[in-house]
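The points below are offered as a colleague's note, to be read with the structure in view. Please follow each one on the model as you go.

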Amino acid sequence: MITDSQRKKLLALVWGHRLFGPEEVYSESGEIRVECPGYAPEFSDETSEEELCAPDFVHAAVRYGDTALYGAVRVDSRSSDWRDSGRMTDPAFDNVMFHVVGDRDRVLVRAGHEVRTLVLRPEAAIEQHYAQLLREAKNGGSNSCVAFFGELESVEQGQILSRLVADRLRRKVAETKAIHRSVGRDWNETAYICYLRSLGMGDRKRSYEALARSVPLRCFVRCAGDAQQAEALLLGQSGYLTVASADDPAIRQLQDIYLTLKKEYDLRRPVVSWSGMGVRPTSLPPSMLQQAAALLVRTPLPAERVREAAQGGMTALRRLFGGTGETGVSPEKTDLRIINFVIPLLTAMGRETNDAELQEQALTLYEEVAPEKNRYTRLWATALDLRSASDSQAVIQLCTEYCAKERCADCPIGILQMVRLHKKLRASK
C-alpha cells in the first residue's frame, strides 16, 4: 500500500507527463479531452514558503465538449484532501480551474461554485511498478533502477547525471547564500562558516556551523598565527576541554588558554550535538578540529584567498588545505573540502556578482577531483563508471535526496522508467 502523499506524487507524475489514455481520466460533469496538462511552476532558491504554496500545474487546457477551459491544476489523492489540508480557501489557489484526483470522495464547493474535478485512474501496471520502486528505495536503494540505468545509452546517462549534480550544487549554493545573508553579506565570514560546516557530514554540518557562529572569524585573526590559541578556541567552544584529564599538562594548558580567550572575546558556547561521536579520550583531541585550527591561523580563509587558490588549480587548492602530505591531511579529505566548500562558495560568489567565468571555473573543479568512495558509489558501480567527483556527487544526490526520501515520482530515473512503461503498455493495446 502506498500513502496518500505518495499517491498524490504518482498522480502528479502521470498527469504532468501525460501517462494516461482517454479512458483513464474522466469527469462526472461530462465528456472531456485533456489538450495540455500544464507545466509545473518554477521556483528559485529564494522562493518563500508562502510562494511555494501554489497549484501543482499552470497553463493547463481541458476541453469540455466544444468548450476549452484554461487554468491551473491542483492534484490530490482524493478530493477531500484539499479541504482537509486547510488550504482550499487560500487565495494562492484562486486560479485553479481543475482538481485532479484519484478518488472523488466528496463534492467540493469553492467561492460558491462546484470545483471542476477530473478523476485520474492510472493503469494498474503503472501503480504496481511505482509501489515496487518505493519498496526498493525504502530498503536502501533500487536494484531495478541500477539495472535500468546501466542499460541506457551513454547520452541518456549523461543527461541524468548532469541534472542530478546540478540539483546537488543548487542546494549547496542555496545554503551558502543563506549563510551569506545571515552574516550581513560578508563573504569572508561566509567562507569561514562554510569551511567549518564542510567538516561535518549529514546532520553534523549544523553542529559545525553552530560552532563557527559561536567563534567569529575575527577571533582567529586576533590569534596572530598562534595555532595553540586557535586550537583552544575550537576545542573549548565545542566542549572537548570540559572533561579533560587533570593529569595531561597539554590539555590543562589548552583549558587555561581557552578560558582566558573565552572571557576576553565574551564567547558563549553553542548548543552543539555531536551525536554518534561518543566520548573521546581527553588526551587525544579530535584531529579534524586541530587541522582546522592550523589552517585558520595560517590563512583566515578570506573568500578572495580561496578564489586565488582556485585559479591556481588543484595543486594550489590542495596546498591551501594542507593536502600535500606535509600536514597529515589526506588528499581525500582535501578533495572533500573542494567538493563541499570551494565549489559551492565560488558558484555562490559568481552568481551574486554575475561572474560567469568564476561559475565556470567552479564547475570545472568537479571534473578535476577524483570520485568519492562510499556505500552509494559502490551500489552504483555496476551500472556506472565513476570518473570524477561530478559522477559521485550525482550518485550521492540520487541516493540521499531521492531514494532515501522515497521520492521515486520526482527522480529522473524513476520518471523515465514510468514513461517507458506507459509507452510499452499503450503499444500493446
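Which residue of β4 does Arg63 stand opposite? The answer is given in point 3, after the overall description of the chain.

1. The model is predicted, and the remarks that follow should be read with that in mind. The chain contains 19 helices and eight strands. Its C-alpha atoms occupy a box of roughly 85 × 50 × 45 Å along the principal axes. Of the 429 residues, 52% are buried. The accessible surface of the chain is about 21,100 Å², and carbon and sulfur atoms account for 49% of that area. When contacts between residues at least 6 apart in sequence are considered, 62% of them join residues at least 24 apart.

2. Six of the strands form an open sheet with mixed pairing, in the order β1-β8-β5-β4-β3-β2. Its edge strands are β1 (25-26) and β2 (32-36), each of which pairs on one side only. Helix α1 (residues 4-16) packs on this sheet and touches β1, β2, β3, β4, β5 (96-103) and β8 (117-120). The direction of helix α1 makes about 150 degrees with that of β4.

3. The opening question concerns the pairing of β3 with β4: Arg63 stands opposite Ala68 in β4. Strand β3 (residues 57-64) and strand β4 (residues 67-78) run antiparallel and are joined by six bridges. Within the pairing with β4, Val62 stands opposite Leu69. The hairpin of β3 and β4 has two residues between the strands, and Gly65 in this hairpin takes a positive phi near 60 degrees.

4. Strand β3 also pairs with β2: the two run antiparallel and are joined by four bridges. Here Ile32 has Tyr64 of β3 as its bridge partner. Is β3 mostly covered or mostly uncovered? It is mostly covered, with six of its eight residues buried.

5. Strand β8 deserves separate attention. It pairs with β1 in the antiparallel sense over two bridges, and the bridge partner of Val25 in β8 is Leu120. With β5, in contrast, β8 pairs in the parallel sense over three bridges; His99 stands opposite Thr117 of β8. In a regular strand, side chains tend to point alternately to the two faces of the sheet. In β8 both faces are covered: Thr117 and Val119 are buried on one side, and Leu118 and Leu120 are buried on the other.

6. The next matter is the nonpolar interior. In soluble globular proteins, nonpolar side chains tend to be buried together. The largest nonpolar core here has 120 residues, and the members that touch the most others are Trp15, Tyr195, Phe341 and Trp380. Helix α15 (residues 331-352) gives the most to this core, contributing nine residues. Which residues does Phe341 contact, leaving aside its neighbours within four places in sequence? They are Ala191, Cys194, Tyr195, Ser198, Leu301, Val306, Phe321 and Leu336. There is also a second, separate core of nine residues, among them Cys53, Met88, Phe93 and Val96.

7. The structure holds seven aromatic pairs. One of them joins Phe149 and Trp380 edge-to-face, at 5.7 Å centre to centre and with 80 degrees between the planes. This pair links distant parts of the chain, since Phe149 is in helix α5 (residues 143-150) and Trp380 is in helix α17 (residues 375-380), 231 residues apart. Both Phe149 and Trp380 are buried.

8. Why is the pair of Phe321 and Phe341 edge-to-face? The ring centres are 6.0 Å apart and the planes stand at 85 degrees, so the pair is described as edge-to-face; the angle cut-off for that description is over 60. Phe321 lies in the loop between α14 (313-320) and α15, while Phe341 lies in helix α15, so the pair ties together parts that are 20 residues apart in sequence. Phe321 and Phe341 are both buried. Together with Tyr195, they form one aromatic cluster.

Methods: Residues are numbered from 1 along each chain as its sequence is written. This is a predicted model: local features need pLDDT of at least 70, side-chain atom pairs count only at pLDDT 80 or more; totals for chains, interfaces and linings use all residues. Side-chain values use heavy atoms; hydrogens and water are left out. Two strands pair if DSSP finds at least two bridges between them. Contact means heavy atoms within 4.5 Å. Axes are lines fitted to C-alpha atoms, for helices over the stretch in contact, and angles run from 0 to 180 degrees between N-to-C directions. A nonpolar core is a set of buried Ala, Val, Leu, Ile, Met, Phe, Trp, Tyr and Cys residues joined through side-chain atoms within 4.5 Å. Buried means under 20% relative accessible area, exposed over 50%, partly exposed in between (1.4 Å probe, protein chains only). Accessible areas come from the Shrake-Rupley method with a 1.4 Å probe; for residues, only the protein chains shown count as cover. Rings of Phe, Tyr and Trp (its six-membered ring) pair if their centres lie within 6.5 Å; planes under 30 degrees apart count as stacked, over 60 as edge-to-face and the rest as tilted.
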